[in-house]
Amino acid sequence: MPQEIRKHDTQQHEISVYLPRFERFSREVLGPGQYASAQPLPVSAWLVEGSERHDAPLPSSADAAAQPHRPVEPGWAWGPKWATCWFRVVGELPPGDRDRLAIRFSSGTEATVWSNGAPVRGLDVNRDEVSIREALAPDGASIDLRVEASCNHPWGVVAFDWDHAEDHRRWTGPTPGRREHCELVRSDDGVRALLRAYDFARLLLGELAPASPRAAQLYHALTLATELIDDTDVSRTAGRAIEPLHAALAVEPDGAAPIVHAVGHAHIDTAWLWTIRETRRKVIRSWTNALRLLERNDAFTFACSQTQQYAWLKDDAPAVFEQISARVGEGRWEPFGGMWVEPDCSVPSGEALIRQVLHADRWWRAQFADRGAQRVLFLPDTFGFPATLPGIMRACGLDTFITNKLSWNQFNTMPDTDFVWRGIDGSEVLAPQPP
């Protein structure tokens with residue numbers, strides 16, 4: 001066997017072995033190390049009786065605040081599936097830098113943090129933190145937050161094949177919700193910066209061809225960074241460990257590399273593994289999170305589709321809708337998608353599809369003026385694209401079609417990712433297809 005082939009085989013084997021180790025090191029060492037201190041906070045709860053029924057009215061934050069809450073300890077199990085539980089978190093703020101203070105809270109489910117009667121952030125299995133700056137008034141000295149938790153996870157209430165056995169046990173039981181941690185934390189900015197660089201490098205490594213030079217570069221940087229960390233004093237050693245990661249991630253691409261402009265997006269199925277009631281709350285959770293990212297990073301931009309979800313948000317959380325409107329006016333939040341929802345296009349009639357576009361365009365222009373004008377038909381997660389669609393799009397003022405469902409075809413591989421789609425009437429639209 002040629003030496004170069006043996007070298008590539010060895011590299012692929014090493015990367016396959018070490019990728020899970022890098023993930024475990026991030027989770028078990030760097031993750032906990034990003035907090036310089038942690039102080040437990042007391043939690044009380046009000047479980048809304050009968051709220052698991054999908055037609056049951058849900059209390060407002062003001063209604064929930066007036067109800068008696070009882071103290072609940074870590075590990076408290078609640079449910080059933082689809083039930084709603086309101087939690088109250090109280091405490092006193094210590095002196096010091098408020099910008100580094102945050103509350104970590106987990107109900108073991110999806111949840112919305114409310115402060116002063118308005119939603120400020122969504123929580124779920126992937127995010128459990130709300131900063132004091134986001135949650136409290138600038139001069140607030142004490143913590144008094146409400147958390148509206150729904151007994152479901154991001155994929156509904158079922159466990160999938162790839163989930164841990166404990167997840168299967170929980171979500172087939174009568175009370176899958178969990179009152180997990182609740183604490184006031186002070187972040188260590190150095191370790192947090194290291195964690196971001198480390199996770200970006202290992203996730204990028206997992207997407208690259210294992211035998212490529214770029215994969216070798218990231219693998220060696222991650223290996224060195226891991227070795228430079230003292231597990232017993234992550235904070236002291238974070239500065240030296242981040243240096244090889246920064247060096248590897250800062251490599252200039254060659255002239256043939258494409259330029260990518262990254263835009264944030266949250267795709268929310270209007271109807272899938274949850275009810276419409278839960279869709280409306282998912283919109284609040286997801287879009288408040290996007291607003292907080294826009295506040296943190298002036299270079300961040302966000303795009304989100306489906307007019308129906310904007311209309312629900314305007315009714316359910318008008319203060320949040322006003323914040324979004326301001327970002328649309330700045331050009332940092334793009335309302336797009338072309339249709340009222342993201343529909344199947346095989347069953348509806350041509351007239352129904354035209355109405356989808358016309359009603360969406362009319363509503364968006366009424367809310368956002370010229371910023372609401374539509375050009376793109378965005379159907380990332382539906383099926384069925386009839387040959388009449390380019391003609392319908394052109395007649396409605398749309399000139400670009402985007403989906404990623406063509407990459408799902410198990411029989412026919414699309415030869416191109418960017419092409420012009422010509423309909424049966426000769427109408428043409430640009431069709432970039434994310435793989």
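Guide: The radius of gyration is taken here over C-alpha atoms, and the rule for a globule is 2.2 Å times the number of residues to the power 0.38. Keep in mind as we go that this is a predicted model.

Visitor: What radius of gyration does the protein have, and how does it stand against the value for a compact globule?

Guide: For 435 residues the rule puts a compact globule near 22 Å, and because the protein has 24 Å, the two agree. Along the principal axes, the C-alpha atoms fill a box of roughly 70 × 65 × 45 Å. Of the 435 residues, 48% count as buried, a word that stands for a relative accessible area under 20%. Among the contacts with a separation of 6 or more, 75% are between residues 24 or more positions apart.

Visitor: How many helices and strands should I look for in the protein?

Guide: The secondary structure comes to twelve helices and 19 strands. Let us take the strands before the helices, starting from a general idea: strands of a sheet pair through backbone hydrogen bonds, either parallel or antiparallel.

Visitor: Which strands form the open sheet with parallel pairing, and in what order?

Guide: That open sheet has three strands in the order E13-E14-E15. Strand E13 (264-265) and strand E15 (333-335) each have a single partner strand, so one side of each is left without a neighbour in the sheet. Two bridges in the parallel sense pair E13 with strand E14 (residues 302-304), and one residue pair to find on the model is His265 with its bridge partner Ala303 in E14. Helix H8 (residues 276-296) lies across E14 and E15, and runs at about 145° to E15.

Visitor: What is the order of the open sheet of four strands, and is the pairing parallel or antiparallel?

Guide: The order is E1-E12-E6-E9, and the pairing is antiparallel. At its edges are strand E1 (35-40) and strand E9 (129-131), each of which pairs on one side only. If direction is ignored, neighbouring strands of this sheet are turned by 30° against each other on average. Strand E6 (residues 101-105) and strand E12 (residues 182-187) run antiparallel and are joined by five bridges, with Arg104 standing opposite Glu183 in E12.

Visitor: With which strands does strand E2 pair?

Guide: Strand E2 runs antiparallel to strand E5 (residues 84-92), to which five bridges join it, and the bridge partner of Leu47 in E5 is Cys85. E2 also pairs with strand E3 (residues 70-71) in the antiparallel sense, over two bridges, and there Ser44 has Pro71 in E3 as its bridge partner. As for its surroundings, E2 (residues 43-47) is mostly covered, with four of its five residues buried.

Visitor: Turning to helices, how does the distance between the end C-alpha atoms of helix H7 compare with the span it should have?

Guide: The idea is to allow 1.5 Å a residue, and because the 16 residues of H7 (residues 234-249) should then span 22 Å, the 21 Å between its end C-alpha atoms agrees. There is nevertheless a bend of about 30° at Arg240, and a proline, Pro244, follows within four residues. Pro244 is also one of the buried residues of H7, which include Val234, Ala241 and Leu245.

Visitor: Where in the model do I find a positive phi in a residue other than glycine?

Guide: One case is Asn116, with phi near 55°, in the loop between strand E7 (110-115) and strand E8 (118-123). Another is Gln306, with a positive phi of about 75°, in the loop between E14 and helix H9 (307-316).

Visitor: Is Asn116 buried or exposed, and is Gln306 buried or exposed?

Guide: Here a cut-off is needed, since exposed means over 50% relative accessible area and buried means under 20%. Asn116 has 73%, so it is exposed, while Gln306 has 4%, so it is buried.

Visitor: Which peptide bond is cis, with omega near 10°?

Guide: The bond from Gly79 to Pro80 is the one to inspect, and Pro80 has its place in the loop between strand E4 (77-78) and E5.

Visitor: How far is the C-alpha atom of Pro318 from that of Ala118?

Guide: The two C-alpha atoms are separated by 9.1 Å, although Pro318 and Ala118 are 200 residues apart along the chain. Pro318 belongs to helix H10 (residues 318-330), and with a relative accessible area of 47% Pro318 is partly exposed.

Methods: Residues numbered from 1 in each chain as written. Predicted model: local features only at pLDDT ≥ 70, side-chain atom pairs only at ≥ 80, totals over all residues. Heavy atoms only, no water. Expected span 1.5 Å × (residues − 1). Bend = angle between axes of the 7 residues up to and from the residue. Buried < 20%, exposed > 50% of the residue type's maximum accessible area, 1.4 Å probe, protein only. Pairing = 2+ DSSP bridges. Contact = heavy atoms within 4.5 Å. Axes fitted to C-alpha atoms, helices over the stretch in contact; angles between N-to-C directions.
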